[in-house]
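Open the model in a viewer and keep the sequence panel beside it. The tour below goes from one selection to the next and says what is found at each stop.

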Amino acid sequence: MQNTSASAAQDERPGPSPGDDGAASRQASRAPRGAGARGASRAPRAVVIGSGFGGLAAAVRLGVRGYEVTVVEKLDEPGGRAYVHRQDGFTFDAGPTVITAPFLFEELWQLCGRNLADDVDLRPVAPFYRIRFHDGVTFDYTGDAAAMRAEVARLSPGDVAGYERFVKTSEAIFRVGFEELAHVPFGSWTDMARIVPDMMRLESYRTVYGLVAKHVKDDRLRQVLSFHPLLVGGNPFSTTSIYSLIAFLERNWGVHFPIGGTGALVRGLVSLIEGLGGSVRCGAEVRRIAVEGGRARGVELASGERLSADVVVSNADSAWTYRHLVAPEARKRWTDRRIERQRYSMSLFVWYFGTRRQYPDVAHHTILLGPRYKRLLEDIFEKHVLADDFSLYLHRPTATDPALAPPGCDAFYVLSPVPNLLSGTDWPATQERYRRSIAALLEATVLPGLEGALASSRLLTPQDFQDRLLSFRGAAFGPEPVLTQSAFFRPHNASEDIEHLYLVGAGTHPGAGLPGVLSSARVLDRVVPDASKFR
């Protein structure tokens, strides 16, 4: 799966030495590897804005291809939305916790002549998810075909055959939607026109829920098979059925979790970047992208420092990038009006907490479905109303790695999909009441005695997504993944307005979720010029 030009660049340089796993802020620049082979000419410079998984993966790929890379990060540690909170002896992964495409990480290590397993211990998680319906009935969602048939039969015997048809459909969509298209730039109408026949054949005009409903009849099973778009910021009732490929992606490669938390993957990627001669600078917020003659020339930091660059890659939120980092006169396509008229994903309310006791019966990933499904999603996505009821994702990483909490304790976070800031919710005034409502539900269902067992607590609200993570309107996943905002219709990986400006991450093609943001970095191998063109 390696890109030819990237592999060739790798062959020109010796393998990197293992990086340091420790310091949060890595400031020291190093001479790029392979400088001797290139003679006296300097390596072209690349600045990557943001150290989320998309930005770190982009930095690795550019470093392998011969660029001298500097990653600049607003926060005090790398990771972006994969930041790690440490308090009261607990380790809380702030963001992504479901690893579904380990081969995309393995490829990054292989490009650097290293093995992922030497740096990161990825463990399979089973079940993938334990889904609990409002009436207390549970469904263990796994990658075992026989076990899944048995679970489906237990819930709805008449839907087993339909479930099998859905799995085959998911695989067919995966073969096209992921294997053939996830790393295609979609920079022109011809790219889009070429896939229309496949999209029609695979019924991409249907929504995820519509495709599931075509195959199975039981309402609970329809919820089980259609919730995946919520993991990437989409409403199952409006997200294109292309995202049904997630079901096959999980079945084929499993769901994993790294020992040490997802921060272990962040540290590993930083070590790859440093091994290639790059650097990661934390506490360095970008004020604007410098554009001269229609071309990105570097970035200006909030401190006033200017970092010159031959290419700029933004892993910041795509709407934030154009609306706040690029001057209006430099963008003809992504005007303020167009940015504001896009449909944006929901946001998230996340409560991180640790308990003085353990809950061994709680799975690593638990989904608690509320009394409403479609109407709750309408409140969140269409009406932008903060409802009194909710569906929740409960993450218990200590089910896989007990060291993330003190002995005898458990670490958790619970995530509630909520409207983005268009709701007008006053989160500073609302957050504690909302947290208590969630705690009451958890205490009455899967975590008895929760409030009395709390040892640590912190919150992340839609306001924090905007103020801390610089997400436009506090949307947690960028543009909503409806058909009219997918592929060519999403902000392009190679900026339509500015030469040598590139976008990676959830807000560009192919979309949110770890496989999506890592694939967005793969696209750079197709659109960023070879380093030799700048010498």
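Begin with a cavity, the second largest in this predicted model. The residues of its lining divide into nine nonpolar, two polar and two charged. The lining is made up of 13 residues. To find the place, select Tyr141, Tyr163, Val167, Ala247 and Arg251, which lie nearest the centre of the cavity. Its volume is about 100 Å³.

Which helices each supply at least two residues of this lining? Select residues 160-177 for helix 6 and residues 245-253 for helix 10; each of these does. If you wish to look for other cavities, the structure holds four of 30 Å³ or more.

Next, select residues 53-64, which form helix 2. Is this helix mostly covered or mostly open? Mostly covered: 12 of its 12 residues are buried. Colour them by residue type to see what is buried, including Phe53, Leu56, Val60, Leu62 and Val64, and also Arg61. Glycines are among the buried residues too, at Gly54, Gly55 and Gly63.

A distance check can be made on the same selection. Helix 2 has 12 residues, and at 1.5 Å a residue it should span 16 Å. The C-alpha atoms at its ends are 17 Å apart, which agrees with that expectation. Step past the end of helix 2 to Gly66, which has a positive phi, near 105°.

Now move to the loop between helix 7 (189-201) and helix 8 (208-215), and select Arg206 there. Is Arg206 buried or partly exposed? Its relative accessibility is 27%, so Arg206 counts as partly exposed. Add Ser241 to the selection: Arg206 and Ser241 are 35 residues apart along the chain, yet their C-alpha atoms are separated by 5.6 Å.

The last stop is a sheet. Its three strands have the order 10-11-12, the pairing is antiparallel, and the sheet is open. Select residues 286-292 for strand 10 and residues 306-308 for strand 12; these stand at the edges. Each has a single partner strand, so one side of each is left without a neighbour in the sheet. From one strand to the next, the twist averages 30°.

Finally, add strand 11, residues 295-301. How many bridges join strand 10 to strand 11? There are six, and the two strands run antiparallel. For one facing pair, select Ile289 and Val299: Ile289 stands opposite Val299, which is in strand 11.

Key:
Residues numbered from 1 in each chain as written. Predicted model: local features only at pLDDT ≥ 70, side-chain atom pairs only at ≥ 80, totals over all residues. Heavy atoms only, no water. Helix = DSSP H or I, 4+ residues; strand = E, 2+ residues; numbered from the N terminus. Expected span 1.5 Å × (residues − 1). Buried < 20%, exposed > 50% of the residue type's maximum accessible area, 1.4 Å probe, protein only. 1 Å grid on protein atoms, 1.4 Å probe; cavity = no way out; pocket = protein on both sides within 12 Å on 5 of 7 lines; lining within 4 Å. Points joined across faces, edges and corners; volume = space filled by probe spheres on them. Nonpolar A, V, L, I, M, F, W, Y, C, P; charged D, E, K, R; others polar. Pairing = 2+ DSSP bridges. Axes fitted to C-alpha atoms, helices over the stretch in contact; angles between N-to-C directions.
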